[in-house]
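Colleague: I am new to this model and should be grateful for a guided discussion of its interior and of some individual residues. May we begin with the structure itself?

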Amino acid sequence: MNDWPEGWSGDDRDRYGRGSASAQPESARVMRQVRRGQGAPGQGAYGRQGPSAPPYGNGVPQQPSYVDGRGHGGGYDAYDSGYNTGQVYGGSGGGDQGGPGDPGGGRGPRPAPNWRKRIKWTAIVVITGLVVTTVGTYFWADSKLNREVDLSKVIDRPEQGEGTNYLIVGSDSRAGLSSEQKKQLHTGSAAGKRTDSMMILHTGSNGDTLISLPRDSDVEIPTFVGSESGKTYKGTGRHVKLNAAYAEDGPELLVRTVEYNTGLKIDHYVEIGFAGFANIVDAVGGVEIDIPKGGMKDTKSGADFTAGKQTLNGDQALAFVRTRYALAGSDLDRTKNQQKFLNALANQVATPSTILNPFKLYPTMGAGLDSLIVDKDMGLYDLGKMFWAMKGVNGGDGTSMNMPISGSTGGNLLWDKAKVKTLVDELKNDEKVTVSGN
């Protein structure tokens, strides 16, 4: 016998009364929508049979209404489904409501952030990033150095003195330049390469010294071993201009000639060509230089400058450092302009706007490193030391001078032998330089 209200199926019975020992519907204890102690129409409290209830659509009894989440709008003993307040049945309905055994009320306030821990981890991440970037930059820069010069081929070298001596060479190499660029830079199209400028930079504990060697300096070519042939060429007392030594057998013979005529051992060799020099200047956004009164015009170098401060781009900078025919002192005045420009360039490279801007720093480093030729023992530390020493010297923290000259013969400039000897002795002993140049 089916005692369920008309229209209720067996599935409904399974859901609401499965396992009951009585065939009667579940009491209000189980059927939560029914208030305890009050029967629904047609049924007494706790399942006592009453008058039958009128059907409401297919025989389904009318469901109780809810007011404020309570069945039939009843009091606090009525069932609260939790849907009115958003509370999930069996859980905490709000962040401030406590559960059993939680007299403090719910989860309580959110703990304050641990700023010390956050700062610590932020610092670790930043430092790690800087270390990785620095190491990566080091290996990237080191891979760009062209270590082509082998100083072990230089024979009969002077004794090692105190401090470090760099031979810095600006060559007129046209390697990598198109015909249009050669015309634009006024380089000409001569084969091979020669030296347009040569300097000795001495770094030590008693101040740094930068000495320009005029390319027209009169020097003797000593006995040397050919850098390519390996043959020994005996010295004959032949005198030439200093730049001819480079043209004859390259950097190794130039180093051998400088050492023989000065008695000063060269520790490192650095060379940069026309294109590399212009690219570095362009990479830093140009270099400001003060052109002296009267301006400067030289059709051979391409210089055409009015007097006063102005920013030179790469092409103009190359013309400025190569000009000599428009200068009263010719090659001697040109070496002074070269030192002047190197000072301005070093200061521009070392500014925060370049060093702290990766979009400017890396192109500048790339332009310089790609075009440098150094000796096989040159490292990035040596190169950095050389750069900062040049910046300091040209900024007034050291001595900047020309090699002392006593006169000229046949167009060659003669060195003052007594002054040169004193100068070399002071450099070897890393003493403060007292000799002045031209």
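Modeller: By class, five nonpolar and four charged residues line the second largest cavity, with no polar ones. The model under discussion is a predicted one.

Colleague: Which element gives the largest share of the lining of the second largest cavity?

Modeller: The lining of this cavity consists of K153, V154, I155, F224, V225, D249, E252, L253 and R256. The elements that give two or more residues to it are β8 (224-225) and α4 (242-262). The largest share, four residues, comes from α4.

Colleague: What is the volume of the second largest cavity, and how much space lies in the largest cavity?

Modeller: The structure holds three cavities of 30 Å³ or more. The second largest cavity has a volume of about 40 Å³. For the largest cavity, the space amounts to about 50 Å³.

Colleague: How many residues of each class are in the lining of the largest cavity?

Modeller: The residues that line the largest cavity are E159, Q160, G161, E162, G163, N165, L264, K265, L427 and K428. Glycine is counted among the polar residues in this classification. By class, the lining therefore has two nonpolar, four polar and four charged residues.

Colleague: Let us turn to the nonpolar cores. Which helix gives the largest share of the largest core?

Modeller: The largest nonpolar core has 44 residues, of which L201, F277, F320, F341 and L345 touch the most other members. The largest share of this core, six residues, comes from helix α10 (residues 380-397).

Colleague: How many residues are in the second, separate core?

Modeller: This second core is separate and includes L254, L332, L427 and V433. L427 also appears in the lining of the largest cavity. The number of residues in the second core is 36.

Colleague: Which residues are linked with F320 into a cluster by ring pairs?

Modeller: Leaving aside neighbours within four places in sequence, F320 is in contact with I289, I291, M296, F305, L312, N337 and F341. Two of these contacts, F305 and F341, are also members of the ring cluster. The residues that ring pairs link with F320 are F277, F305 and F341.

Colleague: What is the arrangement of the aromatic pair formed by F387 and W388?

Modeller: The structure holds five aromatic pairs. A pair of aromatic rings is described by the distance of the centres and the angle of the planes. For F387 and W388, the centres are 5.4 Å apart and the planes are at 75 degrees. Planes over 60 degrees apart count as edge-to-face, so the arrangement of F387 and W388 is edge-to-face.

Colleague: Are F387 and W388 buried, partly exposed or exposed?

Modeller: The relative accessible area of F387 is 27%, and that of W388 is 48%. Buried means under 20% and exposed over 50%. Both values lie between these limits, so F387 and W388 are partly exposed.

Colleague: How many of the residues of helix α5 are buried?

Modeller: Helix α5 (residues 274-283) is mostly covered. Its buried residues are F274, A275, G276, F277, A278, I280, V281 and A283. The number buried is eight of 10.

Colleague: What is the C-alpha to C-alpha distance between N279 and T364?

Modeller: N279 is in helix α5 and counts as partly exposed, at 42% relative accessibility. N279 and T364 are 85 residues apart in sequence. Their C-alpha to C-alpha distance is 8.1 Å.

Colleague: Is R215 buried or exposed?

Modeller: R215 is placed in the loop between β6 (209-212) and β7 (218-220). Among the residues R215 touches beyond four places in sequence are T195, D196, K241, R324, D331 and R334. Its relative accessibility is 17%, which is under 20%, so R215 counts as buried.

Colleague: D156 and D430 have a positive phi. Which of the terms buried and exposed applies to D156, and which to D430?

Modeller: D156, with a phi of about 50 degrees, lies in the loop between β3 (146-149) and β4 (164-171). D430, with a phi near 55 degrees, lies in the segment after α11 (417-428). At 60% relative accessibility D156 is exposed, whereas D430, at 8%, is buried.

Key:
Residues numbered from 1 in each chain as written. Predicted model: local features only at pLDDT ≥ 70, side-chain atom pairs only at ≥ 80, totals over all residues. Heavy atoms only, no water. Core = buried A, V, L, I, M, F, W, Y, C linked by side-chain atoms within 4.5 Å. Buried < 20%, exposed > 50% of the residue type's maximum accessible area, 1.4 Å probe, protein only. Contact = heavy atoms within 4.5 Å. 1 Å grid on protein atoms, 1.4 Å probe; cavity = no way out; pocket = protein on both sides within 12 Å on 5 of 7 lines; lining within 4 Å. Points joined across faces, edges and corners; volume = space filled by probe spheres on them. Phe/Tyr/Trp six-rings, centres within 6.5 Å; stacked < 30°, edge-to-face > 60°.
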